[in-house]
Amino acid sequence: MSTKFNFIKTVLSLHDEMISNGFSLVYEGEFSHDIMKMFTSMADQNMEKANEDRSIRRKVFHVMVETLQNMTKHSDEHDPDDRIGNGMFIVGKTDEHWNIITANKIYKERIDELKQSIDEINSMTKEELKALYKKQIRQGALSEKGGAGLGLIDIARKTGERLDYQFLPLDDNESYFFLLKVKIRTK
């Protein structure tokens, strides 16, 4: 009986945490193209029901697609043949922001480069981001995972917000959980 009670307490605690943070969608597992389509469709329906402004809906949709594609392509728990990555995806809304949070495994040796890229993006003005985006389109070489480095730049351009991130070490000390939080203002 106590196992059932502890499980119920855990579920209720998780529910309360989700409500207090405005989370409406939480998923952990594999990310395929079909799952991406399902999430964007669900979020769009929720925003439509809530009468969210069309321009905000477009931004949220765009950021969801970019972050999910980044996770699908760049997770170090990735199956390149199936184009499937593993990770966590959370969408929520507070009074002033939509929050999109992704988390995926990344190897230790990739952290410095990613951190440097995000810090550079976060330090740029709107005009500098636009110029960097255009430069990447013209000159951007594709990485071994098929990206040209446009996703994070485009997210920062579209939202006008800093990209919040964190790296949490995993048990093996060779890989980390990369958390990315993107805010989209509702006002």
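This briefing walks through the fold, confidence, salt bridges, buried spots and internal cavity of the structure above.

The model is a predicted one, and its chain has a mean pLDDT of 84, with 88% of the residues reaching 70 or more. The chain has 187 residues, of which 37% count as buried. Its secondary structure amounts to six helices and six strands. A search of the whole structure turns up seven salt bridges, and the cavity count comes to one of 30 Å³ or more.

**Fold and confidence**

- Reading from the N terminus, the order of elements is α-β-α-α-β-β-β-α-α-α-β-β.
- Of the contacts between residues at least 6 apart in sequence, 66% join residues at least 24 apart.
- Confidence varies along the chain: strand β5 (residues 164-169) has the highest mean pLDDT among the elements, at 94.
- At the other end of that ranking sits strand β2 (residues 78-79), whose mean pLDDT of 57 is the lowest among the elements.

**Helix α6 and what follows it**

- Helix α6 spans residues 151-159 and is mostly covered, with seven of its nine residues buried.
- Those buried residues are Gly-151, Leu-152, Ile-153, Asp-154, Ile-155, Ala-156 and Thr-159.
- Asp-154 is worth a closer look: its relative accessibility is 4%, so it falls under the 20% cut-off for buried residues.
- Leaving out residues up to four places away in sequence, Asp-154 touches His-62, Glu-66 and Tyr-133.
- Asp-154 also forms a salt bridge with Lys-158, where the closest N and O atoms are 3.4 Å apart.
- The two partners are four residues apart in α6, so about one helical turn separates Lys-158 from Asp-154.
- Residues three or four places apart in an α-helix point the same way, because the helix has 3.6 residues a turn.
- The burial of the two partners can be set side by side: Asp-154 is buried at 4% relative accessible area, whereas Lys-158 is partly exposed at 36%.
- Just after α6, Gly-160 adopts a positive phi of about 70°.

**Other salt bridges**

- In helix α4 (residues 111-123), Asp-119 and Lys-115 lie four residues apart, about one turn of the helix.
- The side chains of Asp-119 and Lys-115 meet in a salt bridge with an N to O distance of 3.0 Å.
- Both of these partners are partly exposed, Asp-119 at 31% relative accessibility and Lys-115 at 37%.
- Glu-161 and Arg-185 form another salt bridge through their side chains, at 2.4 Å from N to O.
- Glu-161 sits in the loop between α6 and β5, and Arg-185 in strand β6 (residues 175-185), so this pair ties together parts that are 24 residues apart in sequence.
- Glu-161 counts as buried at 14% relative accessibility, while Arg-185 is partly exposed at 48%.
- Asp-44, Glu-48 and Arg-57 are joined into one network by salt bridges that share partners.

**Lys-105 in strand β4**

- Lys-105 belongs to strand β4 (residues 97-107).
- With a relative accessibility of 19%, Lys-105 is under the 20% cut-off and therefore counts as buried.
- Setting aside neighbours within four places in sequence, Lys-105 is in contact with Ser-75, Asp-76, Glu-77, Leu-170, Asp-172, Ser-175, Tyr-176 and Phe-177.
- Lys-105 and Pro-169 are 64 residues apart along the chain, yet their C-alpha atoms are separated by 9.5 Å.

**The internal cavity**

- Rolling a probe the size of a water molecule over the atoms shows where empty space is left.
- The largest cavity holds about 30 Å³ of space.
- Its lining is made up of Ser-24, Leu-25, Ala-43, Asn-46, Val-91 and Trp-98.
- By class, four of the lining residues are nonpolar and two are polar, with no charged residues.
- Two elements, β1 (23-31) and α2 (33-49), each contribute at least two residues to this lining.

How values were computed
Residues numbered from 1 in each chain as written. Predicted model: local features only at pLDDT ≥ 70, side-chain atom pairs only at ≥ 80, totals over all residues. Heavy atoms only, no water. 1 Å grid on protein atoms, 1.4 Å probe; cavity = no way out; pocket = protein on both sides within 12 Å on 5 of 7 lines; lining within 4 Å. Points joined across faces, edges and corners; volume = space filled by probe spheres on them. Nonpolar A, V, L, I, M, F, W, Y, C, P; charged D, E, K, R; others polar. Buried < 20%, exposed > 50% of the residue type's maximum accessible area, 1.4 Å probe, protein only. Contact = heavy atoms within 4.5 Å. pLDDT = per-residue confidence, 0-100. Salt bridge = Lys/Arg side-chain N within 4 Å of Asp/Glu carboxyl O.
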